[in-house]
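Student: Could we go through this structure together, one question at a time, so that I can follow the reasoning?

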Amino acid sequence: MIDKLKQLEQIARQHLEPTSEQRKFLTNKVLNYSENFLDNIYELPAYVMEEKKGVGIYDSPIAESGIDIDSAIKLFKENVDTPGLNPASGGHLGYIPGGGIFYSALGDFLADITNRFAGLFFASPGSVRLENMLIDWMASIIGYPKSSAGNLTSGGSIANLIGIVTARDAKNLKAKDFEKSVLYLSEQVHHSVDKAIRIAGLKECVWRYVPLDENYRMKADELEKQIVEDKKNGLNPFLVIASAGTTNTGSVDPIETIGEIASKYNLWFHLDAAYGGFFALCDEGKKVLRGMGTSDSITIDPHKGLFLPYGLGTILVKDKMKMYESHYYLASYLQDALNANDELSPADLSPELTKHFRGLRLWLPLKLVGVAPFRAAIEEKLLLARYFWEKIQTLDGFEVGPFPDLSVVMYRYIPKHGDANEFNKRLVHEVQKDGRVFISSTMIDGKFVLRVAILCFRTHLETVDLLLNILKEKAKMLEQA
Ligand SMILES: *Cc1c(COP(=O)(O)O)cnc(C)c1O
C-alpha cells in the first residue's frame with residue numbers, strides 16, 4: 001500500500017506539478033505565442049475560409065502520455081487559431097463582434113492559479129464581494145437601486161434564462177396557469193430568449209409578437225392594446241420582453257414606455273440589453289437607452305459592450321428577493337448570510353454552484369485602466385456606425401436601412417440587372433472570402449440585407465474606411481462579372 005501510494009504520488013508530482021523552471025519555460029512559450037498574436041493582430045485576417053476546418057485536431061487524440069508544448073501550440077495554431085472567424089480582429093464586423101482585452105486574460109490567469117471558490121460567501125468572501133461590487137456598478141449604469149441583485153453568467157443566454165425563470169416565479173405561475181398566461185415579445189428578440197422561454201417550461205404560454213415600426217422597434221401602443229384585449233378575454237398577461245439593441249438590426253425598443261405599460265398592467269418587464277446595455281456609458285447612448293431602470297430584470301454582456309473575452313454576461317434583477325426565491329438552495333444558510341452581512345452568494349442566484357471566478361476578468365481591467373477608456377471606446381463605436389451609415393449611402397448602388405440606434409447598420413446593393421437578393425448573397429461571400437474584414441447578412445421582410453455591427457474595441461475609422469473600399473471594389477467586380 002505504502003509503496004503503491006509513493007509510486008502514485010511520484011507520478012502525480014512529476015506530471016501535475018511542474019517545477020518553477022518548467023513553469024517559466026511553459027509560460028514563456030504561451031506568452032511568446034500571445035505576444036506574436038497581439039503584435040500582428042491588426043494585420044491578421046478577420047476571417048479565414050479554408051478546407052480542413054480544424055480536422056487535424058482529431059489526428060492527435062487524447063492519450064495516456066502527453067506531448068510537448070511546441071507540438072500542442074502548433075496543433076492549436078493550425079486547427080483552432082486559423083480557420084473561421086477571428087473575433088479578436090477589429091475587422092470582425094459581423095454578428096455581434098467580440099473583443100478580448102488583454103487585462104482580462106491576466107485576470108483569468110490569476111483566477112485560475114489561485115482557484116478561489118467564488119460560488120459561496122463563506123468559502124471566499126472576497127471573491128463574492130468583488131463580484132457583488134461589479135454587479136452594483138453595473139446596476140448603477142442601468143439605473144437600478146441598491147436593493148437589486150445580479151449574477152455574473154457565462155453569457156447573455158444564461159442571463160436571459162435566469163431573468164425569465166425569475167419572472168415566472170415572481171408572477172407565481174404554475175403549470176396549470178401556463179395556457180392562459182400571455183407573454184409579449186418582438187420578432188426581433190434574440191433566439192436565446194426563445195430558448196429561455198422554452199427551457200423555463202413556458203412554451204405553452206400564449207406568445208404575442210407585438211408589431212414593429214419601420215425601425216424594427218416594438219410598437220408600444222400595439223403592446224398596450226393587446227394586453228387590454230387579452231385581459232378582457234380572461235387571459236393572464238404576465239411578461240413583456242424587450243430589447244435594448246436587437247442583435248439583428250440594432251434597434252432599441254421604446255424602453256421607457258414599455259416600462260410604464262408593464263407597471264400599469266402589472267407585468268414583469270425583462271429587458272435584453274446583452275448587446276446594447278453598455279452604450280449607456282456614453283451620453284449619446286444614454287439618450288437612446290433612457291428608461292432601462294424601469295425594467296424588472298435586465299441582461300447585459302460585458303463580453304460584448306465592455307470588450308471582454310467571451311465568457312461573461314450579467315443578469316440584474318431589481319427585486320433581489322425575487323431572484324433569490326427562484327434560485328436559492330439552502331434557505332437556512334442564506335438567512336444567516338443575509339442577516340450577517342447582506343451579501344448574496346452567486347450560488348443562491350443562479351443554477352450554478354461551482355463556477356469560474358468570472359469577476360476577476362472584469363475587475364482587473366476596470367481597476368487597471370479605469371472606466372474612462374471604456375466610455376470613450378463605446379462612444380467611438382456608436383459614432384463609427386453613424387459614420388458608416390452616412391458614407392455607404394454616397395457609394396453608387398448602395399441603399400441603407402434606418403439611422404442606427406446603436407452600432408448596427410443595415411444596407412444592401414441594388415444591382416443594375418438581376419436579382420438583388422442573389423447579388424447581395426454573392427457580395428457578402430466575396431467580402432468573407434477576401435477576409436480582411438468580416439460582415440454578415442440577414443433576412444428582413446424577405447430581403448437579403450447586409451449588416452455591419454461595430455463593437456470590437458480594435459475597430460477604428462481606418463477599419464470602417466477599409467470596409468467601404470472593399471464593398472465598393474467587390475460590388476464593382478460582381479457588376480462586371
Ligand atoms: C448576444 C446576445 C444574446 C446572447 O448572449 P450570449 O452571450 O451569446 O449568450 C442575447 N441577446 C442579445 C440581444 C444578444 O445580442
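Student: In which sense do strand 11 and strand 13 pair, and which residue of strand 13 is the bridge partner of Val 408?

Tutor: In this predicted model, strand 11 and strand 13, the latter covering residues 447–453, are joined over 4 bridges in the antiparallel sense. Within that pairing, the residue of strand 13 that partners Val 408 is Ala 453.

Student: How many bridges join strand 10 to strand 11, and which residue of strand 11 is the bridge partner of Phe 398?

Tutor: Strand 10, made of residues 398–400, runs antiparallel to strand 11, and 3 bridges join the two. Phe 398 has its bridge partner in strand 11, and that partner is Tyr 413.

Student: Why is strand 11 largely enclosed by the rest of the structure?

Tutor: In a regular strand the side chains alternate between the two faces of the sheet. On one side of strand 11 Val 408, Met 410 and Arg 412 are buried, and on the other side Val 409, Tyr 411 and Tyr 413 are buried as well. Strand 11 is largely enclosed because the number of its residues that are buried, under 20% relative accessible area, is 6 of the 6.

Student: How much of the area that the ligand exposes when taken alone does the protein bury?

Tutor: Polar contacts come before the area here: an oxygen atom of the ligand lies 2.6 Å from an N or O atom in the side chain of Ser 157, and an oxygen atom of the ligand lies 2.8 Å from an N or O atom in the side chain of Asp 301. Taken alone, the ligand exposes 380 Å², and the share of this that the protein buries is 86%.

Technical notes. Residues are numbered from 1 along each chain as its sequence is written. This is a predicted model: local features need pLDDT of at least 70, side-chain atom pairs count only at pLDDT 80 or more; totals for chains, interfaces and linings use all residues. Side-chain values use heavy atoms; hydrogens and water are left out. Buried means under 20% relative accessible area, exposed over 50%, partly exposed in between (1.4 Å probe, protein chains only). Two strands pair if DSSP finds at least two bridges between them. A polar contact is a pair of N or O atoms within 3.5 Å; within protein, one must be able to donate a hydrogen and the other to accept it, and residues adjacent in sequence count only if both atoms are side-chain atoms. Accessible areas come from the Shrake-Rupley method with a 1.4 Å probe; for residues, only the protein chains shown count as cover.
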